[in-house]
Amino acid sequence: MRIDITRLKEDESLALEHDYDPKALNLELYDLHYLALLKFKGTLEKIKNALFLKGTLASKLEILCNRCLKPVPQNVTEKVDLYYPFTNQEYLETMDDVREVMILSYPVKFLCHENCKGLCYRCGASLNEDSCQCGKQAGAATGGGAFDRLKDWYSKRKKKRILNREQEKSWLIQNADILI
Ligand SMILES: [Zn+2]
Ligand SMILES: [Zn+2]
């Protein structure tokens, strides 16, 4: 928002309302999107050699859960309390500062729920919903799918070794005369 401050009088508060386009402000991230415009409502005041911009920025976002990737709508309201030196300029450009206020408000880690179970590492289904069957299959195999498979592999390997030894023995018997 570019505010004309030529008509702003000393100690006078100017009421302001402005809708910012989140895309124009480059506010969207791969996991964070705006569902509405970013609305500013507040005041601009000139006190001696300073300009004070105060108010709130509000919008509606959609953030993906960092664990299960589910989009979660969020209403956001951020306080604006900015100060600018007054140097007889005619305009005040607020875009960069508005962008900074919003970027700094973004959560470092966002979860749909503190107990979000995330995604199944095998089929990619959300473990918060009932669509993953992997756990159920492992559960049917006495809850130890991987261990059972290991046991299976070990006994097969053992059988193979016995078989090899028997083959070796029979070969030795068959070829005993050659060897002697
Ligand atoms: Zn989640
Ligand atoms: Zn699964």
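The legends below describe close-up views of a predicted model of one chain.

**View 1. The whole chain, as an overview of its helices and strands.** In this predicted model, the chain contains 4 helices and 7 strands, and along the sequence these follow the pattern β-β-β-β-β-β-β-α-α-α-α. Of the 180 residues of the chain, 11% count as buried. Among the contacts with a separation of 6 or more, 56% are made by residues 24 or more positions apart.

**View 2. The pairing of strands E2, E4 and E5.** Strand E2 (13-20) pairs with strand E4 (38-47) in the antiparallel sense, over 8 bridges, and within this pairing Leu-14 stands opposite Leu-44 in E4. Strand E4 is also joined to E5, to which it runs antiparallel, by 9 bridges; here Lys-41 has Thr-56 in E5 as its bridge partner. The hairpin of E4 and E5 has 2 residues between the strands, and Lys-48 in this hairpin takes a positive phi near 55 degrees.

**View 3. The hairpin of strands E5 and E6.** Strand E5, covering residues 50-64, and strand E6, covering residues 71-85, pair in the antiparallel sense over 15 bridges, with Ser-59 standing opposite Val-76 in E6. Between the two strands of this hairpin there are 6 residues, and Leu-69 takes a positive phi near 65 degrees.

**View 4. Cys-68 and the residues around it.** Cys-68 lies in the loop between E5 and E6, and it counts as buried because 20 other C-beta atoms lie within 10 Å. Leaving aside residues up to four places away in sequence, Cys-68 touches Cys-112, Cys-116, Gly-118, Leu-119, Ser-126 and Asn-128. One of these residues, Gly-118, is 50 residues from Cys-68 in sequence, while the C-alpha atoms of the two are 4.2 Å apart in space.

**View 5. The largest nonpolar core.** This core is made up of 7 residues in all, namely Tyr-20, Leu-27, Leu-38, Phe-40, Leu-57, Val-98 and Met-102. Strand E4 (38-47) and helix H1 (95-105) each supply at least two residues of this core. In soluble globular proteins, nonpolar side chains tend to be buried together. Leu-27, one of the core residues, touches Pro-22, Tyr-34, Arg-99 and Met-102, when residues up to four places away in sequence are not counted.

**View 6. Two loop residues with positive phi, Asp-11 and Asn-88.** Asp-11 is not a glycine, yet has a positive phi of about 60 degrees, and its place is in the loop between strand E1 (2-4) and strand E2 (13-20). Asp-11 counts as exposed, because 8 other C-beta atoms lie within 10 Å. Asn-88, which is likewise not a glycine, has a positive phi of about 60 degrees and sits in the loop between E6 and strand E7 (91-93). Asn-88 counts as exposed because it has 7 C-beta neighbours inside 10 Å.

**View 7. Confidence along the chain.** The chain averages a pLDDT of 84, and 74% of the residues score at least 70. Confidence is highest in strand E3 (residues 32-34), at a mean of 97, and lowest in helix H4 (residues 176-179), at a mean of 56. Over residues 139-145 pLDDT stays under 50, and for this stretch the model has 4 contacts beyond four places in sequence. Where pLDDT is low, the predicted coordinates should not be read in detail.

Methods:
Residues are numbered from 1 along each chain as its sequence is written. Chains are lettered from A and ligands numbered from 1 in the order in which they are written. This is a predicted model: local features need pLDDT of at least 70, side-chain atom pairs count only at pLDDT 80 or more; totals for chains, interfaces and linings use all residues. Two strands pair if DSSP finds at least two bridges between them. A residue is buried if 20 or more other C-beta atoms lie within 10 Å of its own, exposed if 12 or fewer, and partly exposed in between; C-beta atoms are placed from the backbone. Two residues are in contact if their C-beta atoms, placed from the backbone, lie within 7 Å. A nonpolar core is a set of buried Ala, Val, Leu, Ile, Met, Phe, Trp, Tyr and Cys residues joined through C-beta atoms within 7 Å. pLDDT is the predictor's confidence in each residue, from 0 to 100.
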